[in-house]
Every structure is written in structure tokens, then in C-alpha cells.
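Biologist: I would like to learn how to read the features of a model one by one, with the general idea stated before the particular case. Could we go through them together with the structure in view?

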Amino acid sequence: MAVKLKLTRLGSKKHPFYRVVAATDETRRDGRPLDFLGYYNPMTDPAEVKLDADKIKEWLARGAEPTDTVRVLIKKHMA
């Protein structure tokens, strides 16, 4: 049972809003996460991203794998 850092979709139709969460790889997209790590709002210009660096580093140290999209968000906004 591996842990992944992934996006959970919120918001209404055609107006997405995402939370960055830590969840097991077996958990469905909008299932119950282990921890909330931040959010991503692609509807603003520029896109609004807020990440908790300490929590993300803690989960990565435990062996959690980010998905491709979350990896890009982390790289851009925590550099």
C-alpha cells in the first residue's frame, strides 16, 4: 500500500479547484485523504498555488510518490 501525493478535484462543472493531498494509491480520486498539503486553482490568471512545504517534505521523506502533475507543481512553486 503505497502513498501518493495527488490532486483531488473540487469546484463546480467547468470551474475546477484542486486540493493537493496525500492518499494511498488504492484511494479513488475524491476519496478520503491521509493529509491535506495545499491547493491549486487553475481558473485564476496566473494559476494560484499554495503548498505546505514542511508537510510535503515530510511525506516525501516517508516514501510518498507525487503524481506527474503534483511533481510539476512542487518543482515550480517550491524552488
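Biologist: Leaving aside its neighbours within four places in sequence, which residues is His77 in contact with?

Modeller: Please keep in mind that this is a predicted model. Once the neighbours within four places in sequence are set aside, His77 is in contact with Val49 and Leu51. His77 itself is found in helix α2, which covers residues 68-77, and the C-alpha atoms of His77 and Val49 are separated by 7.4 Å although the two residues are 28 apart along the chain.

Biologist: Is His77 buried or exposed, or does it fall in between?

Modeller: His77 counts as partly exposed, because its relative accessibility is 43% and the class in between runs from 20% to 50%. For the chain as a whole, 34% of the 79 residues count as buried.

Biologist: What is the order of the elements along the chain, counted from the N terminus?

Modeller: The secondary structure comes to two helices and five strands, and from the N terminus on the elements run β-β-β-β-α-β-α. As for overall dimensions, the C-alpha trace spans about 35 × 30 × 20 Å along its principal axes. The radius of gyration of the chain is 12 Å, which agrees with the value near 12 Å that a compact globule of 79 residues would have.

Biologist: How many bridges join strand β1 to β2, and in which sense do these strands run?

Modeller: Strand β1 (residues 3-12) is joined to β2 by 10 bridges, and the two strands run antiparallel. To follow the register, you can take Val3, whose bridge partner in β2 is Thr24. The hairpin of β1 and β2 has two residues between the strands, and there Lys14 takes a positive phi near 65°.

Biologist: How many bridges pair β2 and β3?

Modeller: There are five bridges between β2 and β3, again in the antiparallel sense, and the bridge partner of Ala22 in β3 is Asp35.

Biologist: Let us turn to the aromatic side chains. How should a pair of rings be described?

Modeller: In general, one gives the distance of the ring centres and the angle of the planes. In this structure the count comes to two aromatic pairs. Phe17 and Tyr39 form a stacked pair, at 5.5 Å centre to centre and with 25° between the planes. This pair links distant parts of the chain, with Phe17 in strand β2 (residues 15-24) and Tyr39 in strand β3 (residues 35-41), 22 residues apart. Phe17 is partly exposed at a relative accessible area of 26%, and Tyr39 also counts as partly exposed, at 24% relative accessibility.

Biologist: Why do Tyr18 and Tyr40 count as a stacked pair?

Modeller: The ring centres of Tyr18 and Tyr40 are 6.0 Å apart and the planes meet at 20°, so the pair is stacked, since planes under 30 degrees apart are given that name. Tyr18 lies in strand β2 and Tyr40 in strand β3, so this pair ties together parts that are 22 residues apart in sequence.

Biologist: And what is the general idea behind a salt bridge?

Modeller: Side chains of opposite charge can pair when their charged atoms come close. The count here comes to three salt bridges. In one of them, Asp35 pairs with Lys55, with the closest N and O atoms 3.4 Å apart. Because Asp35 lies in strand β3 and Lys55 in helix α1 (residues 53-61), this salt bridge ties together parts that are 20 residues apart in sequence. Lys55 counts as partly exposed, at 30% relative accessibility.

Biologist: By how much of a helical turn are Arg71 and Asp68 separated?

Modeller: Arg71 and Asp68 are separated by about one helical turn, because they are three residues apart in helix α2. They form a salt bridge in which the closest N and O atoms are 3.1 Å apart. Asp68 is exposed, at a relative accessible area of 58%, whereas Arg71 counts as partly exposed at 38%.

Biologist: Where does the charged end of Arg62 sit?

Modeller: The charged end of Arg62 sits over the ring of Trp59, 4.4 Å from the ring centre. Arg62 also forms a salt bridge with Glu58, in which the closest N and O atoms are 2.7 Å apart. Arg62 is exposed, with a relative accessible area of 55%, while Glu58 is partly exposed at 39%.

Technical notes. Residues numbered from 1 in each chain as written. Predicted model: local features only at pLDDT ≥ 70, side-chain atom pairs only at ≥ 80, totals over all residues. Heavy atoms only, no water. Phe/Tyr/Trp six-rings, centres within 6.5 Å; stacked < 30°, edge-to-face > 60°. Helix = DSSP H or I, 4+ residues; strand = E, 2+ residues; numbered from the N terminus. Buried < 20%, exposed > 50% of the residue type's maximum accessible area, 1.4 Å probe, protein only. Lys NZ or Arg CZ within 6 Å of the ring centre and 35° of its normal. Pairing = 2+ DSSP bridges. Contact = heavy atoms within 4.5 Å. Salt bridge = Lys/Arg side-chain N within 4 Å of Asp/Glu carboxyl O. Rg over C-alpha atoms; globule rule 2.2 N^0.38 Å.
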